[in-house]
Amino acid sequence: MFKDSTSFGAACALGIGGLGAVLWFVPRRQLHLSRLAWLRKSLEQLQLDMSASFRHYSGSEDSPDDDQGFVFVKELPAETLDGSTSFSSFLVNSETTPNWPGEPLVVWYRQGSLWAMQEACPHARISLHTADIEDFRPHACMQSRQSTWANGAVPRESDLQALAGPCIVCPAHMYVFDCGNGACLTNELTQSARVYAVKTKRLEELGAERVQVLISRDPRQQDESQSRVAGAGEYCQTGKALKVSKDGGNKIQLALVKLGLERKFGFE
């Protein structure tokens, strides 16, 4: 079979080398495949962990349709949203938020609460982005400071309890609107401003908590009974005003103008 011992030795060497190559290749291939399987499993587990973490911080555990009808518009550091003691705002429109499908909005926020309203004033279409804003509701304790009110013109407690949110005053003609329901508090013939529902989702990223702000695509449904100021004596049996009286709206207007001038010019 073999002509000499040299040929036999070469054949043996070749056979041993080939067997060694096979033995070397097979374990490495198996190791490669096992590494791929491990990596795939790790990525799948990481995805599950991230999804669980997202649901935990968003408060929407196992609710895939929870965001239906809402659009993500902005992300803020949690300390910016929660720690703000004065009102801040940002615009939502086609330039600032390309995925926003609706009309331009202004979003005000303070101490973790947010309010969204159409940017154009219903009276004369003036931008409300620079409007002065204050929260006169009883729990905000604004009414407890006598210096808040112009010339001691303090609204009745029932008027303050009827407020649905902070109040803004248009910088052009001083019309006052309730951010909670959009009602104009100073002119019964002025259409209510459109307000939008706002929700937040909290995420943790590299140890820092951030908040995603989402706004409903469509404005809240407005009750026409809330879109007009009340005349004197429109109260329910508990004594709480059904809506802010015209006198209360005028006093809130004076207070907003007074506080705005104090901030702008630094006098009291």
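Colleague: Which residue follows helix 4, and is its phi positive or negative?

Modeller: In this predicted model, helix 4 is followed by Gly266, and the phi of that glycine is positive, near 75°.

Colleague: How do you know what span is expected for helix 4, and what does the helix reach?

Modeller: The expected span is 1.5 Å times one less than the number of residues, and for the 20 residues of helix 4 that comes to 28 Å. From its first C-alpha to its last, helix 4 reaches 29 Å, which is close to that expected value.

Colleague: Which residues of helix 4 are called buried?

Modeller: A residue is called buried if its relative accessible area is under 20%, and in helix 4 the residues that meet this cut-off are Gly248, Gly249, Ile252, Ala255, Leu256, Leu259, Gly260 and Glu262.

Colleague: Why do you say that the buried residues of helix 4 line one face?

Modeller: Seen down the axis of helix 4, the buried residues fall within an arc of 160°, so they line one face of the helix. An α-helix has 3.6 residues a turn, so residues three or four places apart point the same way. On the other side of helix 4 stand Lys264 and Phe265, which are exposed, a word that requires a relative accessible area over 50%.

Colleague: What do the buried residues of helix 4 pack against?

Modeller: They pack against helix 3, which spans residues 157-161, and against strand 5, strand 6 and strand 7.

Colleague: What order do the three strands have in the open sheet, and is the pairing parallel or antiparallel?

Modeller: The order is 5-6-7, and the pairing is antiparallel.

Colleague: Why do strand 5 and strand 7 stand at the edges?

Modeller: Strand 5 (132-134) and strand 7 (176-178) each have a single partner strand, so one side of each is left without a neighbour in the sheet. From one strand to the next, the twist averages 25°.

Colleague: How do you know that strand 6 and strand 7 are joined?

Modeller: Two strands pair if there are at least two bridges between them, and three bridges join strand 6, residues 167-169, to strand 7, therefore the pair meets the definition. Within this pair, Ile168 stands opposite Phe177 in strand 7.

Colleague: What makes you say that helix 4 packs on the sheet?

Modeller: Contact requires heavy atoms within 4.5 Å, and helix 4, residues 246-265, touches strand 5, strand 6 and strand 7. The direction of helix 4 makes about 115° with that of strand 5.

Notes: Residues numbered from 1 in each chain as written. Predicted model: local features only at pLDDT ≥ 70, side-chain atom pairs only at ≥ 80, totals over all residues. Heavy atoms only, no water. Helix = DSSP H or I, 4+ residues; strand = E, 2+ residues; numbered from the N terminus. Axes fitted to C-alpha atoms, helices over the stretch in contact; angles between N-to-C directions. Buried < 20%, exposed > 50% of the residue type's maximum accessible area, 1.4 Å probe, protein only. Arc of directions from axis to C-beta.
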